[in-house]
There are 2 protein chains.
Amino acid sequence: MSELPPIAVRFDDPACADAAQPFRVGDKWTGVVLRCLEDGAARRFGELRAALPWITAKVLTETLRSMERSGFLARSAYDENPPRVEYALTPLGRSLLGPLDTACAWARAHGTEIGDARAAYTGDRPVA
Amino acid sequence: MSELPPIAVRFDDPACADAAQPFRVGDKWTGVVLRCLEDGAARRFGELRAALPWITAKVLTETLRSMERSGFLARSAYDENPPRVEYALTPLGRSLLGPLDTACAWARAHGTEIGDARAAYTGDRPVA
DNA sequence: CGGTATCCACGTTGATACTG
DNA sequence: CAGTATCAACGTGGATACCG
């Protein structure tokens, strides 16, 4: 299985610019994990860690547990040495990808307008 | 201008069941405010308050400020007695409605599956 | 009417260290 | 390798009271 490239901070990445990203899927990191698994392949914990170096192991674990609990992904543990654990999207998890794409498309089309609006915002509240 | 009906807790309402609602737009209440203004009409602060009685004035003010700052809505204050302030979506704010509908459609189609998955979840992690 | 000011409880994130 | 334990820091959200 090929290594996942680290997910750079992209505009359509919920990890970056929460400020400029009005759409969120699930918890803070759910969207990025979905992106890591969107091709349908199963990934090991370490692969996900390597792809998302800015998430601590603890938070990644919590995110994966939460997604598992909601039925978005399935966890498979193999009793080997060294241990191996794999995560893959379920059909329910894959069903999130469409709306996620819609949100990302919005961000690509309009995201910069948010920054423009904030830059232009003075806090003045003229009286009509 | 007609009174806004209170927004009941609907499944596609981000206010209810954060747990079962994986999509969020902006801050906690941004989505509901968008819904209140989606018809394009301007609403007074008090109208929004009445429609969203479960949001405190402070938090509603913060939400409106944040949305104004991001360019999602425009605030108009009229120097009258008693004071009048109106909020209306900007074109940028209206552009959010499409993705919001997509997210709500997902929730209607798949939302119950999350609850099912949680009910079925035992925390057992069988070893393969 | 349309807000602010103040204070607080809570949940989430994060750093660090440790383990089967 | 794939986690867990612990603790600290922070931001959000909410209750209440007051103001121009």
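This passage walks through a predicted model with chains A and B, from the fold of one chain to the contact between the two.

Chain A is a good place to begin. Five helices and four strands make up its regular elements, and along the sequence they come in the order β-α-β-α-α-β-β-α-α. Of the 128 residues in this chain, 43% are classed as buried. Contacts that link distant parts of the sequence are well represented: among the contacts in chain A with a separation of 6 or more, 54% join residues 24 or more positions apart. The accessible surface of chain A is about 6,200 Å², and carbon and sulfur atoms account for 55% of that surface.

One helix of chain A shows what being covered looks like. Helix α1, spanning residues 30–37, is mostly covered, with eight of its eight residues buried. The buried residues of α1(A) are Thr30(A), Gly31(A), Val32(A), Val33(A), Leu34(A), Arg35(A), Cys36(A) and Leu37(A). Arg35(A), a charged residue, is thus listed among the buried members of this helix.

Attention can now turn to the place where the two chains meet. In chain A, 32 residues are in contact with 32 residues of chain B. Together the chains bury about 3,100 Å², and 61% of that area lies on carbon and sulfur atoms. Three residues, Arg69(A), Tyr121(A) and Arg125(A), supply 19% of the area that chain A buries against chain B, more than any other three residues. Which elements of chain A each supply at least two residues of the side that touches chain B? They are β1 (23–25), α3 (57–69), β3 (73–78), α4 (91–95) and α5 (97–120). The largest share, nine residues, comes from α5(A). Sorted by kind, the residues on this side of chain A are 17 nonpolar, six polar and nine charged.

What kinds of polar pairing cross this interface? Between chain A and chain B there are five residue pairs in polar contact, counting pairs with both residues at pLDDT 80 or more. Salt bridges across the same interface number zero. A helpful example of a polar contact is Ser70(B), whose side chain pairs with the side chain of Arg118(A) at 2.7 Å. Ser70(B) sits in the loop between α3 (57–69) and β3 (73–78) of chain B. Is Ser70(B) buried or exposed? Its relative accessibility is 4%, so Ser70(B) counts as buried, the cut-off being under 20%. Apart from neighbours within four places in sequence, the residues in contact with Ser70(B) are Ile114(A), Ala117(A), Arg118(A) and Leu92(B). This loop residue of chain B therefore has partners in chain A as well as in chain B, given that contact means heavy atoms within 4.5 Å.

Although zero salt bridges cross the interface, the structure holds 11 of them over all chains. In chain A, the side chains of Arg43(A) and Asp39(A) meet in a salt bridge with an N to O distance of 2.5 Å. The two partners differ in cover: Arg43(A) counts as buried because its relative accessibility is 5%, while Asp39(A) counts as exposed because its value is 52%. Chain B has a salt bridge between the side chains of Arg43(B) and Asp39(B), with N to O at 2.5 Å. Here Arg43(B) is buried, with a relative accessible area of 5%, and Asp39(B) is exposed, with a relative accessible area of 51%. Another salt bridge in chain B joins the side chains of Glu86(B) and Arg84(B), at 3.2 Å from N to O. Glu86(B) has a relative accessibility of 12% and so counts as buried. Salt bridges with shared partners also link Arg35(A), Glu38(A) and Asp101(A) into one network.

A last detail concerns the backbone. The peptide bond from Asn81(A) to Pro82(A) is cis, with omega near 5°, and Pro82(A) belongs to the loop between β3 and β4 (84–89) of chain A. In chain B, the bond from Asn81(B) to Pro82(B) is cis too, with omega near 0°. Pro82(B) is found in the loop between β3 and β4 (84–89) of chain B.

Technical notes. Residues numbered from 1 in each chain as written. Chains lettered and ligands numbered in written order. Predicted model: local features only at pLDDT ≥ 70, side-chain atom pairs only at ≥ 80, totals over all residues. Heavy atoms only, no water. Salt bridge = Lys/Arg side-chain N within 4 Å of Asp/Glu carboxyl O. Buried < 20%, exposed > 50% of the residue type's maximum accessible area, 1.4 Å probe, protein only. Areas by Shrake-Rupley, 256 points an atom, 1.4 Å probe, with all protein chains shown as cover. Buried area = accessible area lost by both parts, 1.4 Å probe. Polar contact = N/O pair within 3.5 Å; in protein donor to acceptor, adjacent residues only side chain to side chain.
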